[in-house]
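Biologist: I should like to learn how to read the features of a structure that is new to me. Could you take me through one, step by step?

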Amino acid sequence: MPKSATGRCAVSLCWITGMNRLRRALASLRIKRGDLILLTVLLTVSAAMGILFAVSQPKPEYVSVREDGMEIARLPLNIDRVYRINDSNTIEISGKSVRMTEASCPDRICIKTGAISRSGQSIVCAPHRIVVTIIGDREPSPYDAITNLILLH
Ligand SMILES: [Zn+2]
């Protein structure tokens with residue numbers, strides 16, 4: 001049985017062949033060394049930006065209640081309480097999340113939204129022009145976490 005010469009290629013030869021193939025593939029893609037450096041820099045920068053963004057994300061701290069676009073209350077998210085917003089809407093803060101528990105609106109979308117817990121999430125009661133949003137600790141408050149809502153519990 002004659003041994004095939006092509007089938008047994010030395011490891012170092014395979015490496016060189018592989019590298020040459022890779023180089024040719026890169027050349028066919030018109031990627032130059034400069035492009036690779038630029039690509040690496042861009043990837044590094046975007047990764048760093050991603051980390052920075054994740055670190056700088058404000059922690060969810062408050063529940064902002066808006067009526068007709070005006071903030072009428074800013075409530076601490078870490079204190080479990082039930083607040084009445086108006087004759088129709090009641091919210092409950094519990095376990096660092098907030099949900100609409102009572103609403104007389106016909107669509108009841110606000111109640112169906114369920115509990116929200118992340119910064120930026122909102123519960124909207126369009127018929128009553130109420131928007132409940134969770135906001136981060138770095139957003140300035142005109143109320144210093146004081147509310148003029150009626151505290152139920
Ligand atoms: Zn509603």
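**Reading a turn, a sheet and a core**

Modeller: Let us begin with a single residue: Asp68 is exposed, because its C-beta atom has 9 others within 10 Å, and a residue with 12 or fewer counts as exposed. Please keep in mind that this is a predicted model.

Biologist: Where is Asp68 placed, and what is its phi?

Modeller: Asp68 is in the loop between E1 and E2. Its phi is near 55°, a positive value in a residue other than glycine. The two strands on either side form a hairpin with 2 residues between them.

Biologist: How do E1 and E2 pair, and over how many bridges?

Modeller: E1 and E2 are antiparallel and pair over 6 bridges. Within this pairing, Val63 has Leu75 of E2 as its bridge partner.

Biologist: Before we go further, what is the overall make-up of the chain?

Modeller: The chain contains 3 helices and 8 strands. Their order along the sequence is α-α-β-β-β-β-β-α-β-β-β. Of the 153 residues, 16% are buried. As for contacts between residues at least 6 apart in sequence, 45% join residues at least 24 apart.

Biologist: In what order do strands form the open sheet?

Modeller: To read a sheet, one follows the strands from neighbour to neighbour. Here 4 strands form an open sheet in the order E2-E1-E7-E6, with antiparallel pairing. E2 and E6 stand at the edges with a single partner strand each, so one side of each has no neighbour in the sheet. From one strand to the next, the twist averages 20°.

Biologist: How many bridges join E1 and E7?

Modeller: E1 and E7 pair over 7 bridges, again in the antiparallel sense. One of the pairs to look for is Val65 with its bridge partner Val132 in E7. Another way to see sequence-distant parts brought together is to compare Gly136 with Pro60: they are 76 residues apart along the chain, and their C-alpha atoms are separated by 4.3 Å.

Biologist: Where is Gly136, and is it buried, exposed or partly exposed?

Modeller: Gly136 is in strand E7. It counts as partly exposed because it has 15 C-beta neighbours inside 10 Å.

Biologist: Let us turn to another hairpin. What lies between E4 and E5?

Modeller: The hairpin of E4 and E5 has 2 residues between the strands, and Gly95 takes a positive phi near 55° there. Lys96 is also in the loop between E4 and E5, and its phi is positive too, at about 60°, although it is not a glycine. Lys96 is partly exposed, because 17 C-beta neighbours lie inside 10 Å. The strands themselves pair in the antiparallel sense over 5 bridges. Ser94 stands opposite Ser97 in E5, and Glu92 stands opposite Arg99 in E5.

Biologist: Which strand pairs with E4 over 4 bridges?

Modeller: Strand E3 (residues 81-84) does so, in the antiparallel sense. A hairpin of 5 residues joins E3 to E4. In this pairing Val82 stands opposite Glu92 of E4.

Biologist: How should I read the side chains along E4, and which of them are buried?

Modeller: The general idea is that side chains in a regular strand alternate between the two faces of the sheet. In E4, Ile91 and Ile93 point to one face and are buried, whereas Thr90, Glu92 and Ser94 point to the other and are not buried.

Biologist: Which residues have the most contacts inside the largest nonpolar core?

Modeller: They are Val63, Leu75, Ile91, Val98, Met100 and Val132, in a core of 20 residues. At least two residues of this core come from each of E1 (60-67), E2 (70-76), E4 (90-94), E5 (97-102), E6 (122-125) and E7 (130-136). E7 gives the most, with 4 residues.

Biologist: Which residues does Val132 touch?

Modeller: Leaving aside residues up to four places away in sequence, Val132 touches Val63, Val65, Ile91, Val98, Met100, Ser122 and Ile123.

Biologist: Finally, where is Arg108 found, and is it buried, exposed or partly exposed?

Modeller: Arg108 is in the loop between E5 and helix H3 (109-113). It is partly exposed, because 13 other C-beta atoms lie within 10 Å. Its C-alpha atom is separated by 9.8 Å from that of Val124, 16 residues apart along the chain.

Notes: Residues are numbered from 1 along each chain as its sequence is written. This is a predicted model: local features need pLDDT of at least 70, side-chain atom pairs count only at pLDDT 80 or more; totals for chains, interfaces and linings use all residues. Two residues are in contact if their C-beta atoms, placed from the backbone, lie within 7 Å. A nonpolar core is a set of buried Ala, Val, Leu, Ile, Met, Phe, Trp, Tyr and Cys residues joined through C-beta atoms within 7 Å. Two strands pair if DSSP finds at least two bridges between them. Axes are lines fitted to C-alpha atoms, for helices over the stretch in contact, and angles run from 0 to 180 degrees between N-to-C directions.
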